[in-house]
Amino acid sequence: MRTIDVISDAICPWCWIGKAHLGAALEELRGEGLEFRLRWRPFQLNPDMPEEGVVRDEYRAAKFGSAERGRQLDAQVAEAGRAAGLEFRHDLMARTPNTVAAHRVIRAAEAAGVQDAVVDALFRAYFHDGRDIGDPATLDAVAAGAGLPGMAEMLAGEEHRDEVLAEDMAARRGGISGVPSFLMDRHLLFSGAMPGPRMAEAFRQANAILSAREAGG
C-alpha cells in the first residue's frame with residue numbers, strides 16, 4: 001500500500017480545507033480499488049512564534065500590514081471553507097499559537113492509530129471553536145476527545161519535540177515553503193488545497209507512474 005504524506009500546520013486554514021478535499025479524493029479512489037496509507041507530517045508556518053503564542057489580531061495586522069487586510073483574507077478563507085463544507089469562526093480566534101506542541105500530539109496520535117481523527121479535532125478546535133491549541137490543557141482535552149488520552153503527561157516532558165523540529169526543518173531544506181503539501185511514497189506531488197477531483201487525478205497518475213517504474217524495475 002502506498003503512503004500519502006500530508007505536510008501541514010495545525011493553524012493553516014488551507015490545510016483544513018485541503019483535508020476536506022483529500023477525504024473526497026480518497027473516497028473517489030477507494031471506489032476504484034485504490035487504497036492509501038495516510039500520514040500527517042509537521043510544518044510550522046511561524047517557526048519564530050513565541051511558545052506562549054500571540055494575540056491574533058495584533059499578529060495579523062503586523063503580518064499583513066493592517067487589521068483590515070487580515071479580515072479580508074479571513075473572509076476569503078471562510079468562503080472557500082463553506083464551499084468545502086467547513087465553518088470558520090474567525091471571530092472566536094483570539095490567539096495565534098506556537099504549534100510545536102500540537103505537532104507533538106499529532107505524532108503521538110500516529111502510533112496510537114488515531115492520527116487522522118486527532119488532526120481533524122485540532123483543526124476544528126482552532127478554526128471552528130476558537131480554542132488555543134498551543135495550550136497543553138486544551139491539547140490534552142481535544143486529543144482525549146479524539147481517542148488519544150494522556151497528552152498532558154506527554155507534553156510535560158520532551159517526547160517527540162526533537163523529531164517534530166527535525167521533520168519541520170527537513171521539509172524546508174527539501175524546498176517546501178507552503179502547505180498543505182502532498183507526497184506519495186516520498187515523491188512530492190503538489191502543494192495547495194486543490195479540489196477533490198483534481199487531487200484524485202493527481203494521486204491516480206502518480207500511482208500509475210510509480211507502478212510503471214516498479215514494473216520496469
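Where does D185 lie? D185 sits in the loop between β5 and β6 (187-191). This report starts from that loop and then moves to rings, enclosed spaces and a few single residues. The model is a predicted one.

## Backbone exceptions

D185 has a phi near 50 degrees, a positive value in a residue other than glycine. R186 also sits in the loop between β5 and β6. R186 is not a glycine either, yet its phi is positive, at about 75 degrees. Most residues other than glycine have a negative phi, and most peptide bonds are trans.

How open are these two residues? D185 counts as partly exposed because its relative accessibility is 28%, a value between the cut-offs of 20% and 50%. R186 is exposed, with a relative accessible area of 69%.

The other exception concerns a peptide bond. The bond from V179 to P180 is cis, with omega near 5 degrees. P180 belongs to the loop between α8 and β5 (181-184).

## Aromatic rings

How many aromatic pairs does the structure hold? There are 10 aromatic pairs. F36 and F203 form one of them, a tilted pair with 6.4 Å from centre to centre and 45 degrees between the planes. F36 is in strand β2 (residues 36-42) and F203 is in helix α9 (residues 196-216), so this pair ties together parts that are 167 residues apart in sequence. Both F36 and F203 are buried.

Ring pairs also build a cluster. Its members are W16, W40, F88, F123, Y126 and F127.

One ring has a charged partner. R172 lies over the face of F43, at 4.2 Å from the ring centre.

## Cavities and the largest pocket

Rolling a probe the size of a water molecule over the atoms shows where empty space is left. The structure holds 2 cavities of 30 Å³ or more. The table sets them beside the largest pocket.

| Space | Volume | Nonpolar lining | Polar lining | Charged lining |
|---|---|---|---|---|
| Largest cavity | about 90 Å³ | 5 residues | 3 residues | 3 residues |
| Second largest cavity | about 30 Å³ | 4 residues | 4 residues | 1 residue |
| Largest pocket | about 390 Å³ | 13 residues | 4 residues | 4 residues |

Which residues line the largest cavity? They are S8, W40, R41, P42, H103, I106, R107, Q115, V119, V164 and E167. The elements that give two or more residues to this lining are β2, α4 (100-112), α5 (115-127) and α8 (161-173). W40 appears in this lining, and W40 is also a member of the ring cluster.

The second largest cavity has its own wall. D9, I11, Q44, L45, N46, M49, P97, N98 and T99 line that space.

Next comes the largest pocket. Its lining has 21 residues, of which I11, P13, L45, R60 and K63 lie nearest its centre. Two or more lining residues come from each of α1 (13-30), α2 (56-64), α3 (67-83) and α5. The largest share, 5 residues, comes from α2. I11 and L45 line the second largest cavity, and both are also among the residues nearest the centre of the largest pocket.

## Two buried residues

Q115 is part of the lining of the largest cavity. This residue lies in helix α5. Is Q115 buried or exposed? Q115 counts as buried because its relative accessibility is 5%, and the cut-off for buried is under 20%. Not counting residues up to four places away in sequence, Q115 touches L38, R39, W40, R41, I106, A109 and E110. Among these contacts, W40, R41 and I106 also line the largest cavity.

G81 is in helix α3. G81 is buried, with a relative accessible area of 0%. Which residues is G81 in contact with, leaving aside its neighbours within four places in sequence? They are I17, L86 and F88. The C-alpha atoms of G81 and I17 are separated by 5.9 Å, although the two residues are 64 residues apart along the chain. F88, another contact of G81, belongs to the ring cluster with W16 and W40 among its members.

Notes. Residues are numbered from 1 along each chain as its sequence is written. This is a predicted model: local features need pLDDT of at least 70, side-chain atom pairs count only at pLDDT 80 or more; totals for chains, interfaces and linings use all residues. Side-chain values use heavy atoms; hydrogens and water are left out. Rings of Phe, Tyr and Trp (its six-membered ring) pair if their centres lie within 6.5 Å; planes under 30 degrees apart count as stacked, over 60 as edge-to-face and the rest as tilted. Helices (H or I, at least four residues) and strands (E, at least two) are DSSP runs, numbered from the N terminus. Buried means under 20% relative accessible area, exposed over 50%, partly exposed in between (1.4 Å probe, protein chains only). A charge sits over a ring if NZ of Lys or CZ of Arg is within 6 Å of the ring centre and within 35 degrees of the ring normal. On a 1 Å grid over the protein atoms alone, a cavity is a set of points where a 1.4 Å probe fits but cannot get out, and a pocket is an open set with protein on both sides within 12 Å along at least five of seven lines; lining residues have an atom within 4 Å of a point. Grid points are joined across faces, edges and corners, and a volume is the space filled by probe spheres set on the points. Ala, Val, Leu, Ile, Met, Phe, Trp, Tyr, Cys and Pro count as nonpolar, Asp, Glu, Lys and Arg as charged, and the others, Gly among them, as polar. Contact means heavy atoms within 4.5 Å.
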